[in-house]
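Trainee: I'd like to learn how to read a structure like this one. Could you walk me through it, feature by feature?

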Amino acid sequence: MSASRLFQIAAAAILAACAGASAAASKTLVYCSEGSPEGFNPAFFSTGTTYDASSVPVFNRLVAFAPGTTEVVPSLAQSWDVSKDGRSYTFHLRRGVKFHGNALFAPSRDFDADDVLFSFMRQMDPKHPLHQLSSGQTFAYWDDMGMNKIISKIEKLDANTVRFTLLHPEAPFIADLAMDFASIMSAEYFDRMIARGTPEIADSQVIGTGPFQLVSYQKDAVIRYKAFDAYWGGRARIDKLVFAITPDAAVRYAKLRTGECQVMAYPKPADIASMRRNPAITVNEKEALNIGYIALNVEKKPLDDKRVRQALALATNRASILKLIYQGNGRAAKNLIPPTLWSYNDQIKDTPYDPDQARALLAKAGFPDGFAIDLWYLPVSRPYNPDGKRMAELLQADWAKIGVKARLVTYEWGEYRKRSKDGEQQAMMFGWSGDNGDPDNFFTPLLGCAAVRGGGNVSRWCNQAFESLIQKAAVTTQQAQRAKLYEQAQVVMKEQAPLITIAHSLEFTPARKEVHGYVMDATAHHNFYGVELSK
């Protein structure tokens, strides 16, 4: 029997179990999301679109961020102890936590240390039987963050206690464990699926301990969830959660106006004023920890030449992009990290818009007449880039002025990410929303050497001077000393120009007035646990 048929059976069983409550009495929140997830196991991926659909509703981690902040609070671990040398972390696990079930699996025990070991050792140990389940699969964030160079071993001390031993002190380690890749899976569920000969099912029909249980998924159309009655944090206040996958921002807004969805992702900046005038809509707003940029693949000629990269940056009219794309809802980015984040180096001079200097640099690099290049543009709206296609058209016009002929290319979001991980791109739009409020969360997964293999470093730039600075910063315990190292790293990055920084944007989440209790996430996720609906 096919995996898709098994999923249909599982979905039918879960829906039948919910049939006792009348549709009229059921509280259903419909969220108009911007794209299809790459999959449902968050350990494999590193994008917000996927995390919103997987790790946020379905899973928990040992620790979490308090709503709307990057303050680390207990989750599946009730408490933890840190050794004096900063190399040993002992987690005391919450008892009585239940896992979801489906037609193929009914858990026989509560969450315990075995699930923690399974979830991390699968990513950490190349010899783990499920480490390489399918061709081309990687543990994106684990690789991007270089976690194998941080964690020495993980031990089960007893059923409710786990100890992580590090190779060296790691300042952002606890915050890292609140991130999506550290979601806890059911070891028993995977064992059951291995016994059936279908372990891949556990990565798609996912089972977690989170507030919502996955019911069904129709690619590019809809994802359905139900509230998990036995959730350890208390049952969600809505009964059903639906992701209506709607890539077009104008269509998302139309659905919000008519009430087809109650919350929408990433509106067009041009629509914000109209939304604010609508008495049925609340516009939630937050200055986000993000960056939108153009990554330049240094493994592809002529982008291996620093002068060419610098020329493209000089030829990019960011003032025009900010005006036409962000429409006052973003600020020019001169560094990788936003100015609200500690260690921001404000002494760095921003790259001016100077086509004449750009042409001179190209001539010195051997391209007096320019060259042709592929420019990949985002196929979905992102918090750091609301309109990838329009931005690409502006860049195409800018670069043409120095003789660079840009061919515009895009793919469906999952394919876009897959191909970029393989390094097919020349220049491509990308960006980032911070996961934990630490500068390391920008520098390491986006420009660190390990992130070339993991796929987050789509510039494929591995610079030893930069790498040495960010690695030293990660093992330094004093924030002031770490800040100085990151400030130096920003100087190296700016001079080498592996990417063109475009903008730090404001983030907006419009919702209908009947939605109560929605809190914008500091890490740009959309979390509907705690949300209520009024009539």
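Trainee: Let me begin with charges: how many salt bridges does the structure hold?

Mentor: First, some ground rules. This is a predicted model, where local features need pLDDT of at least 70 and side-chain atom pairs count only at pLDDT 80 or more, while totals for chains, interfaces and linings use all residues. Residues are numbered from 1 along each chain as its sequence is written, and side-chain values use heavy atoms, with hydrogens and water left out. Now the general idea: side chains of opposite charge can pair when their charged atoms come close. Here a salt bridge means a side-chain nitrogen of Lys or Arg within 4 Å of a carboxyl oxygen of Asp or Glu. By that rule, the structure holds 30 salt bridges.

Trainee: Which residue forms a salt bridge with aspartate 110?

Mentor: That is lysine 98, and the closest N and O atoms are 2.9 Å apart. Both residues lie in the loop between strand E5 (88-93) and helix H4 (113-124), so the pair ties together parts that are 12 residues apart in sequence. Those element names come from DSSP runs, numbered from the N terminus: helices (H or I) have at least four residues and strands (E) at least two.

Trainee: Are the partners in such pairs buried or exposed?

Mentor: Start with the scale: buried is under 20% relative accessible area, exposed is over 50%, and partly exposed is in between (1.4 Å probe, protein chains only). Aspartate 110 is partly exposed at 26%, and lysine 98 is partly exposed at 35%. Now take lysine 334 and aspartate 346, whose side chains meet in a salt bridge at 3.1 Å, N to O. Lysine 334 is buried, with a relative accessible area of 12%, whereas aspartate 346 is exposed at 51%. Arginine 419 and glutamate 424 give another case, with their closest N and O atoms 2.8 Å apart. Arginine 419 counts as partly exposed at 24%, and glutamate 424 counts as partly exposed at 38%.

Trainee: Which residues are linked in a network of salt bridges?

Mentor: Arg109, Asp112 and Asp115 are linked that way.

Trainee: Let's turn to strands. How should I read the two sides of E17?

Mentor: In a regular strand the side chains alternate between the two faces of the sheet. In E17 (residues 427-433), Ala427, Met429, Gly431 and Ser433 point one way, while Met428, Phe430 and Trp432 point the other way. Seven of the seven residues in this strand are buried.

Trainee: Which strands pair with E17?

Mentor: Two strands pair if DSSP finds at least two bridges between them. Strand E13 (residues 290-296) runs antiparallel to E17, with seven bridges joining them; in this pairing, alanine 295 stands opposite methionine 428. Strand E15 (residues 372-376) pairs with E17 in the parallel sense over two bridges, and leucine 375 has alanine 427 as its bridge partner.

Trainee: What about the nonpolar interior: which residues have the most contacts inside the largest core?

Mentor: A nonpolar core is a set of buried Ala, Val, Leu, Ile, Met, Phe, Trp, Tyr and Cys residues joined through side-chain atoms within 4.5 Å. The largest has 148 residues, and Phe164 and Trp399 have the most contacts inside it. Contact means heavy atoms within 4.5 Å. Leaving aside neighbours within four places in sequence, tryptophan 399 touches residues including Ile294, Leu375 and Ala427. Apart from that core lies another of 14 residues, among them Val30, Tyr253, Leu256 and Ile272.

Trainee: And rings: how many aromatic pairs are found?

Mentor: Rings of Phe, Tyr and Trp (its six-membered ring) pair if their centres lie within 6.5 Å; planes under 30 degrees apart count as stacked, over 60 as edge-to-face and the rest as tilted. The whole structure has 31 aromatic pairs. Phenylalanine 118 and phenylalanine 190 form a tilted pair, 4.8 Å centre to centre with 40° between the planes. Phenylalanine 118 lies in helix H4 and phenylalanine 190 in helix H7 (residues 187-196), so the pair ties together parts that are 72 residues apart in sequence. Tryptophan 376 and tyrosine 411 are edge-to-face, at 5.2 Å and 70°.
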